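Trainee: I'd like to learn how to read a structure like this. Could you walk me through a few features?

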Amino acid sequence: MMRHTDQTRALTETLLRTRTVTATAWIAIASMLSTAIQAPQLQAQQPATTSSPEFGEATDRALPLPEDRGAAALEQSLRRLGTWASLMAIVAHPDDEDGSMLTYESRGQGVRTSLLTLTRGEGGQNAMSADSYDALGVIRTNELLKAGEYYGVKQYWGTEADFGFSKTQEESFMRWGHERVLYDTVLAIRRERPLVLTATFVGGVTDGHGQHQVSGEIAQEAFLAAGDPKIFPDQIAAGLRPWTPRKVYARAPFAPITGKGMFDYATGKWAPARFYNYVTKEWTTTAPPANVIIPSGQLDPVLGRSYVQISREGWGQQKSQYGGANPVLSGPGGSEYHRYGSRVEPAKKDEAGFFDGIPTGIEGIASLVSSTPPKWLTEGLAKIAADIADAQKSYVATQPVKIAPLLKRGYLAAESLRRQVVASDLQQDDKANLNAELDIKLAQFQKALAEALGLDLQAFTLRDGDAQGGGRFNDGVEETPRSVFPGQQVHVRVHTGNATDLATLSRVWLESSSGKPWAKAPEASSDANQTIVATVPKDAAPTEPYFSRPNIEQPYYDVSNPALRGLPFAPYPLAAWAEFNYDGLPIRLGEVVQTLQRVMGSGGTFEPLVITPPIGVRMEPEARILPLDGSPLPVRVTVHTESSADGKVKLTLPEGWTATPAEASFHRTHAGDTEPIVFEVTAPRTSAQTEGEFKLTAQAEAGGHVYASGWHKVGYPGLRPYNLYRNAEMKTRAIDVKIAPNLRVAYVMGTGDMVPEAIEGLGITPHLLTSNELATGDLSNWDVILIGIRAYSVRPELAVAQTRLNAYVQAGGALIVQYQGGDFPAPFPLSMSETPERVVNEADQVKILAPKNPLLVWPNQITSHDFDGWVEERGHSFLDSWDSAYTPLTETADAGQDPQQGGLLVAHSGKGTYVYMAYALYRQLPELVPGSYRLLANLLSIARNNNGASNTRAE
């Protein structure tokens with residue numbers, strides 16, 4: 001976040017309090033922040049791309065959806081050619097989007113549709129893997145990109161990081177900085193130039209989540225700001241133009257609005273019904289009425305499903321949050337939107353659609369001229385519109401090639417008009433706006449022509465020594481490594497298809513996103529299968545996110561390359577292009593070069609080729625407390641090589657620390673991971689007695705180069721993975737914590753967490769219980785069983801085994817259940833509300849209700865200070881009600897929230913103990929928060945606790 005002067009901070013805070021932001025005020029902020037805004041992380045540049053200069057873009061989708069193939073694809077291309085309507089939706093997180101509306105507009109109406117998502121959802125949950133924080137953000141970015149394929153949208157992203165559930169708009173703006181959010185939004189609008197803005201949220205408490213409220217407010221503020229060249233002038237200096245959307249809408253509030261007021265589901269409370277319009281600066285006390293109803297439940301006869309059905313399948317690709325979506329039945333349905341601002345006169349109360357009053361036919365592009373449009377422009381646009389109309393009327397799905405001449409005619413008309421615009425004496429802004437729209441039309445004509453002619457391109461790498469790449473049956477593709485490293489030679493097969501033979505293949509070539517050549521273009525050839533031998537430049541950078549942050553407490557990302565700001569990821573390194581000749585007209589297709597990975601169950605799956613270093617280094621674990629018994633800290637270092645390699649590994653330690661061995665060698669004859677190299681690290685007595693954090697690093701030396709980082713392939717089967725790089729570092733600290741000896745601990749993993757690793761740090765090796773062990777194993781083998789986060793939601797066998805678990809507790813076992821996503825079985829009744837309570841401020845006071853309870857006394861005395869230094873949140877899924885058999889041990893709450901006593905409860909059943917724990921231990925343990933380890937140790941030690949009513953287990 002930028003450092004503010006006191007004057008800037010005061011102005012920003014005033015704006016936050018009043019919740020009104022005028023364009024004049026933002027000009028003042030922009031002026032005061034001009035130096036900061038021009039810092040590298042905030043510079044605006046046109047995004048780097050693998051696009052060919054002739055109005056085309058290389059796709060990274062090797063296998064389009066059925067809706068984007070054949071007759072369905074061409075039908076939609078014709079819809080898009082016939083309009084210049086454009087829309088951008090603005091949301092806070094992946095899965096906030098109104099996918100059915102986006103699908104209706106994009107696929108049904110041909111609208112050029114885009115989506116800006118402020119965060120990458122890194123503060124959410126993960127039902128698919130143990131990845132969290134920034135790794136989860138990478139997963140959710142890829143999930144939303146996959147969902148967007150169904151919606152048919154282009155996507156942009158903010159630099160804000162989801163710092164967890166926020167209950168207020170003010171907190172979110174305070175963490176992110178108001179100007180950062182506005183900057184990202186204006187940047188996306190100026191790049192995409194939408195006629196209409198929409199938001200899922202209204203910018204009020206009915207939105208619930210404070211980050212939702214921010215996205216609703218900022219959509220309306222950007223409606224005012226994006227067209228003003230005095231706001232964020234660095235964007236204009238970087239080549240963008242001011243852009244003024246014509247309308248802005250937000251979806252009707254989700255939360256109930258009744259005589260009691262409006263419901264704030266973030267706090268679970270009712271508030272007076274008050275809604276603010278950030279465009280007109282007016283308050284109302286009634287629910288915003290619907291001006292537009294989007295009929296997304298309509299069946300599209302070409303696509304064979306309703307837009308809701310298509311979009312719900314896309315929304316279901318966001319499996320980390322929900323594990324997938326249920327199918328949707330056909331039937332009527334839609335979305336209601338309220339109009340908050342309009343520059344179209346007259347502004348009707350009830351509209352047939354977002355674009356009422358906006359001339360969205362091709363001729364309407366002339367409205368971009370600030371004066372009276374010249375006759376040559378209006379006539380030229382009318383000619384293009386007529387050619388498109390002729391193609392639409394003449395299209396027959398079984399004979400698409402018949403409209404190719406009409407599409408060619410329209411393309412040439414658009415190309416000719418573009419040249420006229422360039423040569424004209426129109427104002428520069430007018431020229432830029434007109435040519436931007438004409439460039440879009442030229443790209444759409446290219447796509448439609450390729451579809452009408454049945455042209456196809458696929459590009460993928462070959463295995464070493466496989467010159468043809470024909471696969472086992474000479475018509476497929478064989479599995480290949482998904483990465484290459486600098487200096488490596490790679491064979492790329494470029495396969496083209498031509499269903500009509502009316503177009504001839506002229507040439508194929510490769511383009512890199514860096515602009516550095518990988519190979520010379522081969523001689524022109526009409527061969528449908530061509531193999532290009534390429535060499536990765538020796539200075540090629542790894543394929544990695546362009547966004548990063550030094551720690552999870554920073555609520556925004558730093559940007560390594562300002563030109564990439566707003567993109568989902570940095571472009572993939574290599575694309576293949578093919579040029580066809582159709583009656584003298586060149587038609588270009590581009591695709592990111594792919595690799596083939598075989599996923600068990602899914603079969604062969606294409607993934608874009610990426611660059612990695614030749615060697616990667618990882619330290620495991622990444623965080624662990626110093627051993628409690630004073631023994632050496634075990635450190636494992638794994639070296640990953642992309643080919644054969646020999647080298648040495650050594651650690652860099654704090655002063656006075658030692659490692660055995662001091663250095664170790666590795667030898668690999670082929671690509672892969674080495675066996676972990678184990679070092680024993682000894683800390684001096686003074687460090688072992690200091691509750692401070694220490695950092696250890698590792699590096700590998702090979703071939704005269706030093707490597708000090710490695711990569712983690714983030715994702716899960718069925719989702720395109722992406723490499724996330726981490727320095728080979730380990731953090732450790734001494735913690736004053738005691739634990740009962742010789743404990744036998746079992747763990748039931750839910751959606752994935754790092755708690756078992758933390759238990760290992762306490763000197764215990766937990767056993768991960770399998771489904772069979774839960775069903776038939778002897779549970780009495782374990783002193784304590786921990787249930788992982790959300791385990792009851794993702795492991796149905798757990799609920800089936802509850803009778804056995806209850807019997808285990810009755811016989812003297814200790815069962816500890818960490819937070820769950822909904823109601824779950826227990827020895828005595830308990831429940832949580834439909835929208836479970838959460839305490840999001842990690843600094844909220846925790847009151848100890850039962851300081852003498854054995855769980856809080858032994859082997860560590862737990863006090864409120866053990867909740868100091870927590871990160872992200874206190875916890876969530878606090879219980880709403882519980883049987884009198886339970887004893888609540890703590891109380892906490894956010895400001896204005898009812899006291900929450902359902903975060904740590906203990907009950908005794910028979911000879912054993914049952915505990916429910918809603919506090920977010922799983923987030924604290926990897927951060928080495930001392931109190932979380934002390935609390936975990938007491939939980940694990942329940943089975944040996946002889947104080948009070950707790951049980952005693954015999955060896």
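Mentor: Sure, we'll go through salt bridges, burial and one sheet, keeping in mind that this is a predicted model.

Trainee: How many salt bridges does the structure hold?

Mentor: A salt bridge is a side-chain nitrogen of Lys or Arg within 4 Å of a carboxyl oxygen of Asp or Glu. The structure has 48 of them. Take Glu437 and Arg193, whose closest N and O atoms are 2.8 Å apart. That pair links distant parts of the chain: Glu437 sits in helix H15, while Arg193 is in the loop between helix H8 and strand E4, 244 residues apart.

Trainee: Is Glu437 buried or exposed?

Mentor: Buried means under 20% relative accessible area. Glu437 has 1%, so it counts as buried. Arg193 counts as buried too, at 8%.

Trainee: Which residues pair up with Asp387 and Lys348 in salt bridges?

Mentor: Asp387 bonds with Arg409, with 2.8 Å between the closest N and O atoms. This one joins helix H13 to helix H14, across 22 residues. Asp387 is buried at 2%, whereas Arg409 is partly exposed at 37%. As for Lys348, its side chain meets that of Asp356 at 3.1 Å, N to O.

Trainee: And the sheet: what is the order of its 7 strands?

Mentor: Read it from one edge to the other: E41-E40-E42-E43-E52-E51-E49, an open sheet with mixed pairing. Strands E41 and E49 stand at the edges with a single partner strand each, so one side of each has no neighbour in the sheet.

Trainee: How do E51 and E52 pair?

Mentor: They run in the antiparallel sense, over 6 bridges. Within that pairing, Leu905 has Tyr916 in E52 as its bridge partner. Helix H21 lies across both strands, along with E42 and E43, at about 130 degrees to E43.

How values were computed
Residues are numbered from 1 along each chain as its sequence is written. This is a predicted model: local features need pLDDT of at least 70, side-chain atom pairs count only at pLDDT 80 or more; totals for chains, interfaces and linings use all residues. Side-chain values use heavy atoms; hydrogens and water are left out. Two strands pair if DSSP finds at least two bridges between them. Helices (H or I, at least four residues) and strands (E, at least two) are DSSP runs, numbered from the N terminus. Contact means heavy atoms within 4.5 Å. Axes are lines fitted to C-alpha atoms, for helices over the stretch in contact, and angles run from 0 to 180 degrees between N-to-C directions. Buried means under 20% relative accessible area, exposed over 50%, partly exposed in between (1.4 Å probe, protein chains only).
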